[in-house]
Amino acid sequence: MNRIIPLILAVALFMENMDSTVIATSLPAIAVDIHTSPIALKLALTAYLVSLAIFIPISGWMADRFGAKNVFRAAIAVFIVGSIACAFSNSLPAFVVSRFLQGIGGAMMTPVGRLVLVRATPKSELVAAMSWLTVPALVGPLVGPPVGGFITTYFTWHWIFLINVPIGLMGIWLATRFLPETDAMETPPLDFTGFVLSGLAASGVVFGLSVVSLPALPPMAGLITVAVGLVSGALYLLHARRAANPLLALELFRNQVFRSSVLGGSLFRIGIGAVPFLLPLMFQIGFGLTPFQSGMITFVSAIGAIGMKLVTALIFRLAGFRRVLIWGSLIAAGSIAIYGLFTPETPYALMLAILLVGGFIRSMFFTGVNALSYAEVSAEDTSKATPITAVFQQLSIALGVALAGGILEVSTSIHGGPLRLADFHIAFFIVAAVSAAASLTFMRLAPDAGNAVSGHGRLTTPKTLEPVSPPGS
C-alpha cells in the first residue's frame, strides 16, 4: 500500500477536524463578540454541515468530470477563502454564510480524497488504509481544543480560522507535487433535478431542526422547513426510480452490508455529532472553566483515537466486523452517557481516563464502519457509494448538533432559567441512547460479513503472513 497518498489526502481531514473542534471550544467567546447566544451560534455549526450535505452528492461526478486531483486542490482553496471570511465576520448572518462557504470546500475535499484512496487500495488492505488516512487527520482534534482555547483565552478567536491558511496552502502544494495526475472521464450529464431535490431534502431537515430551537425564530418556521425537506426527499425517491443516472444510486441499499454500515453508522454519529457541541459548553458554562481549560480536557479523546488506530486492523481480523461493531457501538454510547454524570467535583484524572477510553472505542468503530461500506461494493460502484456514505455521515452529525441544541432549549424552557448543568446531563443521556440504537442494525449482519476486508476467519503462516484457507475448508 502506498502510504504517501493517504497521508497527503489526510491534510484535508486535518483542517476539517481541527476547524470543527476549534469552533466548538470557542463558541461562547464568539457568541459574546458577535452579540448572540451560544445556542443560536449552533446555526453556524449546522450551516457548515448543511453545506456539506448539499454539495457532497456531486463530489463523485465532479471528480470524474474534472479530475480528482484538480477538484481536491480547488476544494482546499475554497475552504481557505471560507476560513478567512469567518475570521472577519462581525455578525451572526455573516458568520453563518462564511461557514457555509467553508462547507462547499469541505464537501469536495474529504469525499474526493476517500474516493482516490478506495480506488487505489485492494479490499484486503482497506482497513489499514483507512487507518493511515485518518491517523494524521486525528491530529486536528488533538491540536484544536488546546490551541483554540489558548488563542481564544489569551488572544482573539479570529486567529483560530486563520490557522487554516498555511495548512491549506501546504496541502495544495503537496497535492500538486505528489498526487498522481488524474484525467477527466466521460460522464453522463449532471442529474440537476436530483441535485436540487437532494439538496432541499438534506438542508430542509437539518436547518429546520436547528431553527425550531432558535429563540429568534418562531418554531413554526422550523417545522415548515422540515416538512419541505421531507417532501423533497420523497420526491427524490420517486425521481431516482425513473432517472437513467440518478445523482445518488439508492439501489446500493439493496445490499445488506452496505445498508447496515450506512444506517448504523448514521445512528451512531448522531451522538458523536452532539458531543463536540455539548462537552465544551458544559465545561465552560456548567463548570465555569476557560476555553483553554476546557480544550485541555476534551483533547484527550483524540489521543485515544490516535492510539486505537495502531491496533484496529488486528482487532477486526480477530473478531470480525459484526461482533466489533455491535459491542463497540454499545460501549461507546455508554461512554457518552457517563459524560452526563460529570460534575465540577469529579476528579479530573477520572474524566480524562473516561474521555481517553471513549476516544479509543469511537476511533475503532469509525474505521470499521467506513471500511465495511465498501466491503461488498464493486470497483465500478465506488464513485456511487462514496457520496452516499459521505452525505449520510455529515447529515447525521448535523442532526446530532440540532438534537443537542434542541434538548438544551427545551430543558431551559421547562425550568424557565438559564442553562444549568442538569440540562447538559439530560442531553448526554438522550444522545447516548440514540447512538446505542446503532447496535440493533449491526445485529442483522451475517457473522462473516466483510471478512474479505477484515481478514477474519483466516489463518496466516508465520513465514509469509499471507492469508490461507482454514484446515478442512
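Biologist: How do I read accessibility here: does Tyr154 count as buried or exposed?

Modeller: Tyr154 counts as exposed, because its relative accessibility is 52% and the cut-off for exposed is over 50%. Keep in mind that this is a predicted model.

Biologist: What does Phe150 count as, and at what relative accessibility?

Modeller: Buried means under 20%, and partly exposed covers the range from there up to the exposed class. Phe150 has 36% relative accessibility, so this residue counts as partly exposed.

Biologist: Where in the fold does Phe150 lie?

Modeller: Phe150 belongs to helix α8, which covers residues 139-154. Phe150 and Tyr154 are 4 residues apart in that helix, which means that about one helical turn separates them.

Biologist: How many aromatic pairs does the structure hold?

Modeller: There are 20 aromatic pairs in the structure. Take Phe150 and Tyr154: their ring centres are 5.1 Å apart and their planes meet at 50 degrees, so this pair is tilted. The reasoning needs two limits, since planes under 30 degrees apart count as stacked and those over 60 as edge-to-face.

Biologist: Which residues form one aromatic cluster?

Modeller: One such cluster consists of Phe55, Phe100, Phe192 and Phe195.

Biologist: Which residues make the nonpolar surface patch?

Modeller: Phe150 and Tyr154 come up again here, together with Phe155 and Trp159. These four make a nonpolar surface patch of about 510 Å².

Biologist: What sits over the ring of Tyr48, and what sits over the ring of Phe178?

Modeller: Over the ring of Tyr48 sits the charged end of Arg99, 4.6 Å from the ring centre. In the other case, the charged end of Arg177 sits over the ring of Phe178, at 5.0 Å from its centre.

Biologist: Turning to helix length, what should helix α17 span?

Modeller: The expected span is 1.5 Å times one less than the number of residues. Helix α17 runs over residues 321-339 and has 19 residues, so 27 Å is expected. The C-alpha atoms at its ends are 27 Å apart, which agrees.

Biologist: Which residues of α17 are buried?

Modeller: Among them are Phe321, Val324, Leu325, Ile326 and Gly328. The buried residues of α17 also include Ala332, Ala333, Ile336 and Tyr339.

Biologist: How do I read a contact between residues far apart along the chain?

Modeller: Compare two separations, one in sequence and one in space. Gly271 and Gly400 are 129 residues apart along the chain, and their C-alpha atoms are separated by 5.7 Å. Gly271 lies in helix α13, residues 256-286, and is buried, with a relative accessible area of 0%.

Biologist: How far apart in space are Ile167 and Met15?

Modeller: From C-alpha to C-alpha they are 7.2 Å apart, with their positions 152 residues apart in sequence. Ile167 has its place in helix α10, residues 164-178. Its relative accessible area is 13%, so Ile167 is buried.

Biologist: Which helix holds Ile30, and which holds Ile315?

Modeller: Ile30 lies in helix α2, residues 27-33, whereas Ile315 is in helix α16, residues 312-319. Ile30 counts as buried because its relative accessibility is 0%, while Ile315, with a relative accessible area of 25%, is partly exposed.

Biologist: What are the C-alpha separations of Ile30 from Ser91 and of Ile315 from Ser454?

Modeller: For Ile30 and Ser91, 61 residues apart along the chain, the separation is 9.7 Å. For Ile315 and Ser454, 139 residues apart along the chain, the separation is 8.9 Å.

Technical notes
Residues numbered from 1 in each chain as written. Predicted model: local features only at pLDDT ≥ 70, side-chain atom pairs only at ≥ 80, totals over all residues. Heavy atoms only, no water. Patch = residues over 30% accessible without salt bridge, like charges linked within 9 Å, V, L, I, M, F, W, Y side chains within 5 Å. Areas by Shrake-Rupley, 256 points an atom, 1.4 Å probe, with all protein chains shown as cover. Salt bridge = Lys/Arg side-chain N within 4 Å of Asp/Glu carboxyl O. Helix = DSSP H or I, 4+ residues; strand = E, 2+ residues; numbered from the N terminus. Buried < 20%, exposed > 50% of the residue type's maximum accessible area, 1.4 Å probe, protein only. Phe/Tyr/Trp six-rings, centres within 6.5 Å; stacked < 30°, edge-to-face > 60°. Lys NZ or Arg CZ within 6 Å of the ring centre and 35° of its normal.
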